[in-house]
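Here are some short exercises to work through with the model open in your viewer. Try each task yourself before reading its solution.

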Amino acid sequence: NLTPNGNYGIQIESSNNVDVNKNYIEQADTNFISLENTSSCIVNGNSLGDPFDNGIPKSIYLDFSNYTTIEDNTQVTNGVIDGIYLTQSSSNLVQSNIFSRSGITITRQSNDNTITNNQFATERSYYGLTLFQSFGNQITDNTIYNFSTGLQLSNAENNLIARNVVTSKMHAAEIFMFNNNTFDSNQFLGATDVWDMGPNTRHAASTNTWI
């Protein structure tokens with residue numbers, strides 16, 4: 001049990017093969033679990049919560065961290081903006097996590113990640129899944145519930161988005177400069193509008209495959 005904490009619940013830098021398993025982490029000002037410049041770590045079975053609703057930006061944060069497994073973690077705090085945040089982090093597996101108050105962001109050359117069988121929901125966050133400047137990711141079989149916009153997708157190619165259930169209030173997806181990706185058998189509930197701003201600033205039709 002780690003409570004209360006300062007900036008981080010657990011912070012790992014420039015280290016490999018570290019397991020962060022079955023911790024209860026409460027009250028962190030910045031991130032509950034932060035991995036920076038790491039490889040081949042496991043983040044499994046942790047419970048993350050903040051009863052004081054302090055507005056923590058991220059629950060699990062990866063920066064320049066690769067080949068990491070994030071599995072079976074739960075988060076219930078109201079304040080978190082991003083349940084999972086990957087930046088410049090590739091070849092990671094994110095599966096079977098339950099984040100009842102936040103979504104996921106994959107950004108800035110976070111490539112070839114697998115995001116599968118997770119649950120993301122919110123009472124306040126705007127985007128369920130944000131995917132920006134990242135390539136070759138497989139995003140499958142996730143539940144994304146109650147966000148204003150389910151998917152925010154831009155500046156990325158060769159991603160697979162398949163068999164997800166997306167329930168949103170305003171837009172099912174917002175797409176801009178997001179080309180040569182595959183959408184396969186997704187269910188869009190609530191809002192079904194896909195706001196396609198085109199492959200470039202000329203706002204022509206995007207070139208994705210919808211199955």
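A residue counts as buried when its relative accessible area is under 20%, as exposed when that area is over 50%, and as partly exposed in between. Keep in mind that this is a predicted model.

**Exercise 1. Place Phe178 and decide whether it is buried or exposed.**

Step 1: look up the element. Phe178 belongs to strand E20.

Step 2: apply the cut-off. The relative accessible area of Phe178 is 0%, so this residue is buried.

Step 3: list what surrounds the residue. Setting aside neighbours within four places in sequence, Phe178 has contacts that include Leu131, Leu153, Ala156, Ile161 and Phe183. Polar residues are on the list too, among them Ser154, Asn155, Asn159, Ser206 and Asn208.

Step 4: compare sequence and space. Asn158 is 20 residues from Phe178 along the chain, and their C-alpha atoms are 9.2 Å apart.

**Exercise 2. Do the same for Ile60: which residues does it touch?**

Step 1: find the strand. Ile60 sits in E7, which covers residues 58-63.

Step 2: check accessibility. With a relative accessible area of 0%, Ile60 is buried.

Step 3: collect the contacts beyond four places in sequence. Ile60 touches Ile33, Val43, Leu48, Ile70, Asn73, Gly83, Ile84, Tyr85 and Phe99.

Step 4: take one C-alpha pair. Phe32 lies 28 residues from Ile60 along the chain, yet 6.2 Å separates their C-alpha atoms.

**Exercise 3. Find how many salt bridges the structure holds, and say which parts of the chain are tied together.**

Step 1: recall the principle. Side chains of opposite charge can pair when their charged atoms come close.

Step 2: search the structure. There is one salt bridge, and its partners are Arg163 and Asp141, with 3.0 Å from N to O.

Step 3: locate both ends. Arg163 is in the loop between strands E19 (160-162) and E20 (165-178), while Asp141 is in the loop between E17 (138-140) and E18 (143-156), so the pair links parts 22 residues apart in sequence.

Step 4: check accessibility. Arg163 is partly exposed at 41%, and Asp141 is also partly exposed, at 30%.

Step 5: set the pair against the charge count. The chain carries 8 positive and 19 negative side chains, and the centres of these two sets are 4 Å apart.

**Exercise 4. Inspect the backbone: what is notable about phi in Asn37?**

Step 1: start from the expectation. Most residues other than glycine have a negative phi.

Step 2: read the angle. Asn37 is not a glycine, but its phi is positive, about 60 degrees.

Step 3: add the setting. Asn37 lies in the loop between E4 (31-36) and E5 (42-44), and its 47% relative accessibility makes it partly exposed.

Step 4: return to the salt bridge. Asp141 also has a positive phi, near 60 degrees.

**Exercise 5. Describe the chain as a whole: how many helices and strands are there?**

Step 1: count the elements. The chain has zero helices and 24 strands.

Step 2: test compactness. Its radius of gyration is 16 Å, close to the 17 Å from the globule rule for 211 residues, so the chain is as compact as a globular protein of that length.

Step 3: read off the extents. The C-alpha trace spans about 50 × 35 × 30 Å along its principal axes.

Step 4: look at burial and surface. Of the 211 residues, 51% are buried; the exposed area is about 9000 Å², with 45% supplied by carbon and sulfur atoms.

Key:
Residues are numbered from 1 along each chain as its sequence is written. This is a predicted model: local features need pLDDT of at least 70, side-chain atom pairs count only at pLDDT 80 or more; totals for chains, interfaces and linings use all residues. Side-chain values use heavy atoms; hydrogens and water are left out. A salt bridge is a side-chain nitrogen of Lys or Arg within 4 Å of a carboxyl oxygen of Asp or Glu. Helices (H or I, at least four residues) and strands (E, at least two) are DSSP runs, numbered from the N terminus. Buried means under 20% relative accessible area, exposed over 50%, partly exposed in between (1.4 Å probe, protein chains only). The radius of gyration is taken over C-alpha atoms; the globule rule is 2.2 Å times the number of residues to the power 0.38. Accessible areas come from the Shrake-Rupley method with a 1.4 Å probe; for residues, only the protein chains shown count as cover. Lys and Arg count as positive and Asp and Glu as negative; His and the chain ends are not counted. The place of a charge is taken as NZ of Lys, CZ of Arg, CG of Asp or CD of Glu. Contact means heavy atoms within 4.5 Å.
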